[in-house]
Amino acid sequence: MMNVIYLLFSYLIGAISFGIVISHIFSLPDPRTIGSKNPGATNVLRTGKKIAALLTLLGDSLKGALTVGLAQYFELPPPIVGLIAIATLIGHVFPIYYGFKGGRGVATAAGILFMFSWVMGLIVLAIWLGVFFIWRYSSLAAIIAASLSPVIGFFYKIDFYELIATSIIALILILRHIENIKRLIDGTESGFKDKK
């Protein structure tokens, strides 16, 4: 029963959309109504308010770190830690507070990966940054970084259940970017090529 409560708690924390909350605090347009209509840091950045985008990024990543970090602190069984990570991401992607229409989960996944292994987290972040600065597409950076995260986790010998969770998280992220993949192939994806 306690494990169910842990999972529910993690889902509810994950379901908090900092993009929506921060935009409201800063009196910005609802990110679900502009740009990509995704309530994530990249879309909040399109409002021109960099501090709001940064706070969104921090909030969405810290909630992933929080739920997994608490599970690790209380020494919950490894399978439960893995499920908590997945539940948190699902909360972000399908939030009960916002009609089950959430973000793509990149920042939240990053927070989770850093708790699994800070080395893996740094490498995945470096891959994201490298791809983004070369091609200027946050979606492409997320797809490539997510795809490589299980491989990196395997080489750094993270816990088996964490590796399974990492693989599932990577799959969720890729599926959430299907439309972006189509636009990347068509050459119609919105990027930051003209931004400094």
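The following questions and answers concern a predicted model.

Me: Which residues make the nonpolar surface patch of about 640 Å²?
Reply: Patch members have over 30% relative accessible area. Phe94 meets this condition, with a relative accessible area of 40%; Tyr97 is at 44% and Phe100 at 47%. The patch is made by Leu8, Leu12, Ile90, Phe94, Ile96, Tyr97 and Phe100.

Me: Where is Phe94 found?
Reply: Phe94 belongs to the nonpolar surface patch and is partly exposed. Helix α5 covers residues 78-93, and α6 covers residues 106-116. Phe94 is found in the loop between α5 and α6.

Me: Is Thr166 buried or exposed?
Reply: Thr166 has its place in helix α9, residues 160-176. Its relative accessibility is 0%. Since buried means under 20% relative accessible area, Thr166 counts as buried.

Me: Which residues does Thr166 touch, not counting residues up to four places away in sequence?
Reply: Thr166 lies in helix α9 and is buried, at 0% relative accessibility. Residues up to four places away in sequence are not counted here. The residues touched by Thr166 are Leu113, Phe116, Met120, Ser149, Pro150 and Ile158.

Me: Which backbone oxygen does the side chain of Thr166 reach?
Reply: A polar contact is a pair of N or O atoms within 3.5 Å. The side chain of Thr166 reaches its partner at 2.7 Å. That partner is the backbone oxygen of Glu162.

Me: How many salt bridges does the structure hold?
Reply: Side chains of opposite charge can pair when their charged atoms come close. One of the salt bridges joins Asp30 and Arg32, and another joins Lys182 and Glu179. The total for the structure is four.

Me: What is the N to O distance in the salt bridge of Asp30 and Arg32?
Reply: Asp30 is partly exposed, with a relative accessible area of 26%. Arg32 is also partly exposed, with 31%. Their side chains meet in a salt bridge with an N to O distance of 2.6 Å.

Me: In which helix do Lys182 and Glu179 both lie?
Reply: Lys182 forms a salt bridge with Glu179, with the closest N and O atoms 3.5 Å apart. Lys182 counts as partly exposed at 45% relative accessibility, and Glu179 counts as partly exposed at 43%. The two residues are three residues apart, about one turn of the helix, and the helix is α10 (residues 178-186).

Me: Why does Glu189 count as buried, and which residue forms a salt bridge with it?
Reply: Glu189 has a relative accessible area of 11%, and buried means under 20%, so Glu189 is buried. Its salt-bridge partner counts as partly exposed, at 27% relative accessibility. The closest N and O atoms of the bridge are 2.8 Å apart, and the partner is Arg183.

Me: How many aromatic pairs does a search of the whole structure find, and what is the angle between the planes of Tyr97 and Tyr98?
Reply: A search of the whole structure finds six aromatic pairs. Tyr97 and Tyr98 form one that is edge-to-face, 6.1 Å centre to centre. Tyr97 counts as partly exposed at 44% relative accessibility, whereas Tyr98 counts as buried at 19%. The angle between their planes is 85°.

Me: Which residues do ring pairs link into a cluster with Phe132?
Reply: Phe132 and Phe133 form an edge-to-face aromatic pair, 5.7 Å centre to centre with 70° between the planes. Phe132 counts as buried at 11% relative accessibility, whereas Phe133 is exposed, with a relative accessible area of 56%. Ring pairs link Phe132 into a cluster with Trp128 and Phe133.

Me: What is the phi of Phe100?
Reply: Most residues other than glycine have a negative phi. Phe100 is found in the loop between α5 and α6 and counts as partly exposed, at 47% relative accessibility. Phe100 has a positive phi, near 65°.

Me: What is the phi of Lys157?
Reply: The place of Lys157 is in the loop between α8 (138-155) and α9. Exposed means over 50% relative accessible area, so Lys157, at 72%, counts as exposed. Lys157 has a positive phi in a residue other than glycine, near 55°.

Technical notes: Residues numbered from 1 in each chain as written. Predicted model: local features only at pLDDT ≥ 70, side-chain atom pairs only at ≥ 80, totals over all residues. Heavy atoms only, no water. Patch = residues over 30% accessible without salt bridge, like charges linked within 9 Å, V, L, I, M, F, W, Y side chains within 5 Å. Areas by Shrake-Rupley, 256 points an atom, 1.4 Å probe, with all protein chains shown as cover. Helix = DSSP H or I, 4+ residues; strand = E, 2+ residues; numbered from the N terminus. Buried < 20%, exposed > 50% of the residue type's maximum accessible area, 1.4 Å probe, protein only. Polar contact = N/O pair within 3.5 Å; in protein donor to acceptor, adjacent residues only side chain to side chain. Contact = heavy atoms within 4.5 Å. Phe/Tyr/Trp six-rings, centres within 6.5 Å; stacked < 30°, edge-to-face > 60°.
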